[in-house]
Structure formats: structure tokens, C-alpha cells
Amino acid sequence: MLNATYLNKLVFRQLAEQLSIEPQVLFESDSSTLIKGLVKENLALGFISDITTPNDGEDDGLVEIPFDDVQVPSVHINLIRRAHQFPIGLVKQVIDIIEKTFAADNAEQKS
């Protein structure tokens, strides 16, 4: 699984608690590519989120197993910046995408 610097570890622990299981984590890494490689070589099962491994259209032979029968823990992620800093370039693009995503989510929840 991705190591403690990632949200995945928190979500994994919450899911394990909810399912009343005590999985034995044998390996942690900060590289989702390494974890996917271990899974692809049939050396491990992995727990990573799709946000850490964007689908670039490449067929890597891995299968996603969705969690349909459990309540996925909710998390809060904050984007912070200096109050007087006017974002430009890539930073502005990222902020625009985040704002559009939240606006769409809020509109969907209201309907």
C-alpha cells in the first residue's frame, strides 16, 4: 500500500476497521508505479486510489475491485494559497478544475 504520507493509508485502515478485519501489510511505498508493478507480476495485492494512478489509456492488465458493500470513509482535502497571490499558468488551471469539480458536485447533490 502507499505509505503514511498518503491518504490511502488512512482510508485503508478505516475500511479494515469497518469490515472488522486486521490485514497484514507487508510492504509500503511512496510509489504507486512500484505497487502496480508488484501486483502486475502477481507478487502482491495492492490498495491505491485511482487519483494516484490516472488512467492514461494504457492497458496494464490490472483489475479494479470496487468497494460496493462498504461505506467509503469521507475525507476533507484543503487547497490553500496566499491571500494576495493571483494564480497564473498551471496553478490557475488546477484551481479552475477544482472549482468546476466542486461546483458540479454541489449542483448534483442539490438535484
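## A look at the core, loops and salt bridges

Let's start inside: the largest nonpolar core has six residues, namely Met-1, Val-11, Phe-12, Leu-15, Phe-47 and Val-70. That fits a general habit, as nonpolar side chains in soluble globular proteins tend to be buried together. Keep in mind that what you are looking at is a predicted model. Its mean pLDDT is 77, with 82% of the residues at 70 or more.

Met-1 deserves a second look. Not counting neighbours within four places in sequence, Met-1 is in contact with Asn-8, Lys-9, Phe-12, Val-25, Phe-27, Glu-28, Ser-29, Ile-35 and Phe-47. Of these partners, Phe-12 and Phe-47 also belong to the largest nonpolar core.

Now for the overall layout. The chain has three helices and zero strands, so going from the N terminus you meet α-α-α. Helix α1 covers 7-18 and α2 covers 32-40, while α3 takes up 89-110. As for confidence, among these elements α2 has the highest mean pLDDT, at 84, and α1 the lowest, at 81.

How much of the chain is buried? Buried residues come to 16% of the 111 in the chain. The accessible surface adds up to about 9700 Å², and 55% of that belongs to carbon and sulfur atoms. Looking at contacts with a separation of 6 or more, 55% are between residues 24 or more positions apart.

Part of the surface is greasy, too. Leu-26, Phe-27 and Leu-34 make a nonpolar surface patch of about 320 Å². Phe-27 sits in the loop between α1 and α2 and counts as partly exposed because its relative accessibility is 41%. Phe-27 is also one of the residues in contact with Met-1.

Next, the charged pairs. How many salt bridges are there? The count comes to two, and here they are side by side:

| Salt bridge | Closest N and O atoms |
|---|---|
| Glu-28 with Lys-9 | 2.9 Å apart |
| Asp-96 with Lys-92 | 3.1 Å apart |

Take Glu-28 and Lys-9, which form a salt bridge. Glu-28 is in the loop between α1 and α2 and Lys-9 is in helix α1, so this pair ties together parts that lie 19 residues apart in sequence. Glu-28 is partly exposed, at 32% relative accessibility, whereas Lys-9 counts as buried because its value is 16%, under the 20% cut-off. Both Glu-28 and Lys-9 turn up among the contacts of Met-1.

The other pair stays within one helix: Asp-96 and Lys-92 are four residues apart in helix α3, so about one helical turn separates them. Asp-96 has a relative accessible area of 25%, which makes it partly exposed, and Lys-92, at 38%, is partly exposed as well.

Finally, a bit of backbone. Most residues other than glycine have a negative phi. Which residue in the loop between α1 and α2 goes the other way, with a positive phi although it is not a glycine? That's Ser-20, with a phi of about 55°. Ser-20 is exposed, with a relative accessible area of 67%. Asn-42 also has a positive phi, near 60°, and is found in the loop between α2 and α3. Its relative accessibility is 68%, so Asn-42 counts as exposed.

Terms used:
Residues are numbered from 1 along each chain as its sequence is written. This is a predicted model: local features need pLDDT of at least 70, side-chain atom pairs count only at pLDDT 80 or more; totals for chains, interfaces and linings use all residues. Side-chain values use heavy atoms; hydrogens and water are left out. Patches are made of residues with over 30% relative accessible area and no salt bridge: like charges are joined within 9 Å, nonpolar side chains (Val, Leu, Ile, Met, Phe, Trp, Tyr) within 5 Å. Accessible areas come from the Shrake-Rupley method with a 1.4 Å probe; for residues, only the protein chains shown count as cover. A salt bridge is a side-chain nitrogen of Lys or Arg within 4 Å of a carboxyl oxygen of Asp or Glu. Helices (H or I, at least four residues) and strands (E, at least two) are DSSP runs, numbered from the N terminus. Buried means under 20% relative accessible area, exposed over 50%, partly exposed in between (1.4 Å probe, protein chains only). Contact means heavy atoms within 4.5 Å. A nonpolar core is a set of buried Ala, Val, Leu, Ile, Met, Phe, Trp, Tyr and Cys residues joined through side-chain atoms within 4.5 Å. pLDDT is the predictor's confidence in each residue, from 0 to 100.
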